[in-house]
2 protein chains.
Amino acid sequence: MAKGPDRKFAIGVDYGTNSVRALVVDLRDGAEIATHVYNYPSGTAGILLDPKDPNLARQSPADYIRGFHESVSRAVKAARRVRGFDPAAVCGIGVDTTGSTPIPVDRGGIPLSMHKEFHRDLAAQAWLWKDHTGHAEAAEITEKARKTRAPYLGKCGGTYSSEWYWSKVLHCRRTSPKVFDAAWAWIECADFIPAYITGNLDPERLLRGICAAGHKAMYADAWGGFPSRKFLASLDPKLAVLRLRMQGKAVPADRKAGELTAEVARTVGLPAGIPVAVGAFDAHMGAVGAGIRPGTLVKIIGTSTCDMLVAPLAKRLPDIPGVCGIVPGSIVPDMWGLEAGQSAVGDIFNWFVTHMGPAAYSAKGDPHVNLSREAARLLPGESGLLALDWNNGNRTILVDPLLTGLLAGQTLHTSAPEVYRALVEATAFGALTIILRFEEYGVAVQEVVNCGGIAQKSPFLMQIYADVCNRPMRISRSSQTCALGAAIFGAVAGGAYRSTEAAQARMTGVSSTVYRPDRARAKVYARLYGLYRRLHDAFGTAEGGPIGSVMKDLIAIRDRVRGGR
Amino acid sequence: MAKGPDRKFAIGVDYGTNSVRALVVDLRDGAEIATHVYNYPSGTAGILLDPKDPNLARQSPADYIRGFHESVSRAVKAARRVRGFDPAAVCGIGVDTTGSTPIPVDRGGIPLSMHKEFHRDLAAQAWLWKDHTGHAEAAEITEKARKTRAPYLGKCGGTYSSEWYWSKVLHCRRTSPKVFDAAWAWIECADFIPAYITGNLDPERLLRGICAAGHKAMYADAWGGFPSRKFLASLDPKLAVLRLRMQGKAVPADRKAGELTAEVARTVGLPAGIPVAVGAFDAHMGAVGAGIRPGTLVKIIGTSTCDMLVAPLAKRLPDIPGVCGIVPGSIVPDMWGLEAGQSAVGDIFNWFVTHMGPAAYSAKGDPHVNLSREAARLLPGESGLLALDWNNGNRTILVDPLLTGLLAGQTLHTSAPEVYRALVEATAFGALTIILRFEEYGVAVQEVVNCGGIAQKSPFLMQIYADVCNRPMRISRSSQTCALGAAIFGAVAGGAYRSTEAAQARMTGVSSTVYRPDRARAKVYARLYGLYRRLHDAFGTAEGGPIGSVMKDLIAIRDRVRGGR
């Protein structure tokens, strides 16, 4: 770190699904000296919905812009009350966002939704990561890439997702041609925010982050950037036109996207000219904020999970089936960034408590706490229950949204805490399945650092994870690792540290609590995991024989019946 | 029916699991003119339990004796208030009981438990039908019969049950030799009550009912009655000694067991000498009370179900795998009696409501009613859920107590009424599986008559049963078909009718409500049943491949973990 008598600071701005958080961080030790959260005002908790289409989830780009001003100005204001802080000592700003969240923009890089004509048009908004309207287009892209033997799917698990960039762009082309034709380009939210605050909005000269491009838009230097015009034209000729405007190399987040414009600087109470880092996704910057390094899996546990790993670029990595992204520099520059995830974790526990939890555990206090207390008294295997954690499909390693939850082993005495524990165990088995897939392909996982509210609040869950995965479970010291990671990139892009690793060494850490596997419990869980894998493979793979299609058949019947209502 | 100016009556006495009911019936039309229920005073709701052994369930024979006096005397007293009733006009008494519920007795036929020495000895009590302490002995008997190619299992589904006579007797021999050695014989409760009230207690001259002997004790005229001394000696030499004392032909319930003794008659307010029919099991007499005849399946729906069919003796019936009994005359004399069943139905709904039902449905009113109301609004297939009805194992057609419940298809939106409906549907699929197994072996099922509280109280459930089974579902007119069936046998044994069928024609009937299958719903259910069978065969049979043993493995792990506590 640059020497000097004065303290230095960086600001991380973390765009989540419902709100944006700004965090002011002390560069000496990562101390988080001030923060402010701004909730997006539009729609339902910040999300624009369509009552006729449960797959649709959009956001207002105007909320993002206002959110930057509000969160940063208030965080700076709060920081001013802290001894030693000075706006002039802010040496960098980093930004992370959800993704893939592409925004259609005009020739000048301004979101179409900010034009009066498209103000209320849902297709002209930001297409939030969890928008699944493009599921047919996703299948089409996968099919096309497989048929033409294009290399594009190799590094994203073999299946293109409805959550990703091209599925959304193509779906807009098919269903909202007016918006599509008006859009000069589609820009990921993670690229749009740095472009906006630095004034470098020209879509054709945009400095794109490798994280969004590599994980979600099939970008790789190996094949000359984004997919070829020929491939895109085979999906739709107009996609090839867009491709013409997507030149330049995508870069890691330690690179500078530009400098804070005077106009934006004034509204947030900072000096103009502060370096702004290239943007990346929340989970990726969160992994950096949690201290990710080779051998350490960072697990961000929330309603779903993101599971992040890095490996030296010198290491030859094969394609890993079912792992949704392997991109050089997407997490830590000069390392492979590997992204996997579970499509529901906290969401499953919430579902059980909301829909199935009996009165006895809801009457007084937090039902999660009440159920966990009872469930913690059980031994592994004692309930005779076994569940599959697929209530929201399976992201890794099956990459199949058309899978569903399963619970087996019920008797007439099965209790709610027993089921609750079985659901927690199922998510732990899902976590282990990801770890084993990585290791099977040569990426070792020695320890796990967990972030997110559940990791910090539930020793019950973390101990089960340690016993099931048979690996120590650590907890990130910071409770806002995404914003911290963004601040780290701000610091590096601003020149305060010479590398991301150097900044991580000073600014990140784990809490002193470590959950270590218990030998006897781990042994029982090893047996139970064998049974989990049997169910996993039977219901989740083509090798499942006659029951391999049961879940899909149920969904097909369900959708037909609902369609006929 | 015998002509005459005066009305005639019969009394049915129905020994259930927790109480005994006496019913006074008008022989002209089956009108139920008076009834009284006596709850067994001993143990927990009449059941003697062992806190150290969940498999143990015994009953006090003294409760049975006192129960006869109390229930019959009070029913007669109530009947006296009805115009036209006269105790002298009671022309027969019939008795049904649970079973297999064998009682160890002394040389005079008196239960050992009535001796001071054995008064508190659990092994000296009646071994209630649901006592599973003899599960190892059951497996041993099945194994021995298979190895020696003895014919005994052919008519009881191929597997001997822990609930049955010889498993219990052999378990007593192994674990309570003092009681075993003191017992001159073991008498089924269904035989004991008629013997006791007629004074024909000599165990060696006992007139045994074919129902208990044929369904539970491997009795058949074809092989000379009970199993051979040689076969029994191979299990234990002392069983062969018991066998010596079990002579004589077992007979149907239209035969007279004897006449009411003066002593018993006095205590219940009836004249001495009233004919008493040979006893049988509750479900079998209940089927008669519900009007069973060829082509009509009688389904007694309670916590579990009994599924009863009859077929003319002239019909050649093959062994039917998984059907727990095919016995000539066990239900209607001169017909094959076929018994099948589901090990949990109402128990599964009660489990869900007690352990899983969310507060919203329990706060006000009956949770079953609340959940059914919401669940009835759903269409077949709409929830995407599918369950296996095995929370208490599977009686027919898999005959496997080591199976457990399963629920598949959960999403993050799955609601409690959806699960409740899926559980009801699962029991309907289980019911259809039994029907199809009968038909596969040449026994047609044209309609179903349902008895029991659930059948009468839940149009929601009955309509699902009609749609799933694609057959009309009728409801028995009587709500106490077991006691009514017993009264019918009392009437026939007493000479008031010349045959059981003739008595049924006058004394039984169905209510006017008929649940008819809806074509469109039946079509969806046919598809869902295909999926149910895939799960059924995968988890329940050896053909299930790698997941065929998952449920048993879970139980093995569970039992080992619990054992190590």
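How are α10(A) and α17(A) oriented to each other? They are roughly perpendicular. The views below show parts of a predicted model.

**View 1. Crossing of helices α10 and α17 in chain A.** Two packed helices are described by the angle between their axes and the distance between the axes. Here helix α10 covers residues 282-289 and helix α17 covers residues 481-493 of chain A. Their axes cross at roughly 80 degrees and come within 6 Å. Because angles of 65 to 115 degrees count as roughly perpendicular, α10(A) and α17(A) are described in that way. On the α10(A) side, the contact is made by A:D282, A:M285, A:G286, A:V288 and A:G289. On the α17(A) side, the contributing residues are A:T481, A:C482, A:L484, A:G485, A:A486, A:I488 and A:F489. Sorted by class, seven residues of this contact are nonpolar, four are polar and one is charged.

**View 2. Helix α17 of chain B.** This helix takes in residues 481-493, which is 13 residues. The end C-alpha atoms of α17(B) are 18 Å apart, in agreement with the 18 Å expected at 1.5 Å a residue. The helix is mostly covered, with 13 of its 13 residues buried. After α17(B) comes B:G495, whose phi is positive, near 90 degrees.

**View 3. Helix α19 of chain A.** Helix α19 has 22 residues, 519-540. From its first C-alpha to its last it reaches 30 Å, close to the expected 32 Å. Buried residues of α19(A) include the tyrosines A:Y525, A:Y529 and A:Y532. A:L528, A:L531, A:L535, A:H536 and A:F539 are also among the buried residues. At the start of α19(A), a side-chain oxygen of A:D518 comes to within 3.1 Å of the backbone nitrogen of A:A520.

**View 4. A:V424 in helix α14 of chain A.** Helix α14 spans residues 416-440 and includes A:V424. The relative accessibility of A:V424 is 1%, so this valine counts as buried. Leaving out residues up to four places away in sequence, A:V424 touches A:F349, A:F460, A:L461, A:I464 and A:Y465. A:V241 is 183 residues from A:V424 in sequence, and their C-alpha atoms are 48 Å apart.

**View 5. B:S415 and its contacts in chain A.** B:S415 sits in the loop between β18 (405-410) and α14 (416-440) of chain B. With a relative accessibility of 18%, B:S415 counts as buried, because the cut-off for that class is under 20%. Apart from residues up to four places away in sequence, B:S415 touches A:H355 and A:M356.

**View 6. The surroundings of B:S330.** B:S330 belongs to the loop between β15 (325-328) and β16 (335-342) of chain B. Its relative accessible area is 4%, so B:S330 is buried. The side chain of B:S330 reaches the backbone oxygen of B:V327 at 3.3 Å. Setting aside neighbours within four places in sequence, B:S330 is in contact with B:I210, B:C211, B:H215, B:H284, B:M335 and B:G337.

**View 7. Backbone geometry in loops of both chains.** Most residues other than glycine have a negative phi, and most peptide bonds are trans. In chain A, the peptide bond between A:G99 and A:S100 is cis, with omega about 0 degrees. A:S100 lies in the loop between β6 (90-97) and β7 (102-105). In chain B, a cis peptide bond runs from B:T396 to B:I397, with omega near 10 degrees. B:I397 lies in the loop between β17 (386-388) and β18 of chain B.

Positive phi values also appear in chain B at residues that are not glycine. B:A45 has a phi of about 50 degrees and is found in the loop between β3 (32-39) and β4 (48-50). B:M218 has a phi of about 60 degrees and is found in the loop between α6 (210-216) and α7 (229-235). With a relative accessible area of 3%, B:M218 is buried.

**View 8. B:G564, after helix α20 of chain B.** B:G564 is placed in the segment that follows α20 (550-563). Its relative accessible area is 64%, so B:G564 is exposed. B:G564 and B:T98 are 466 residues apart in sequence, with 36 Å from C-alpha to C-alpha.

Terms used
Residues numbered from 1 in each chain as written. Chains lettered and ligands numbered in written order. Predicted model: local features only at pLDDT ≥ 70, side-chain atom pairs only at ≥ 80, totals over all residues. Heavy atoms only, no water. Axes fitted to C-alpha atoms, helices over the stretch in contact; angles between N-to-C directions. Helix = DSSP H or I, 4+ residues; strand = E, 2+ residues; numbered from the N terminus. Parallel < 35°, antiparallel > 145°, perpendicular 65-115°, else oblique. Contact = heavy atoms within 4.5 Å. Nonpolar A, V, L, I, M, F, W, Y, C, P; charged D, E, K, R; others polar. Expected span 1.5 Å × (residues − 1). Buried < 20%, exposed > 50% of the residue type's maximum accessible area, 1.4 Å probe, protein only. Polar contact = N/O pair within 3.5 Å; in protein donor to acceptor, adjacent residues only side chain to side chain.
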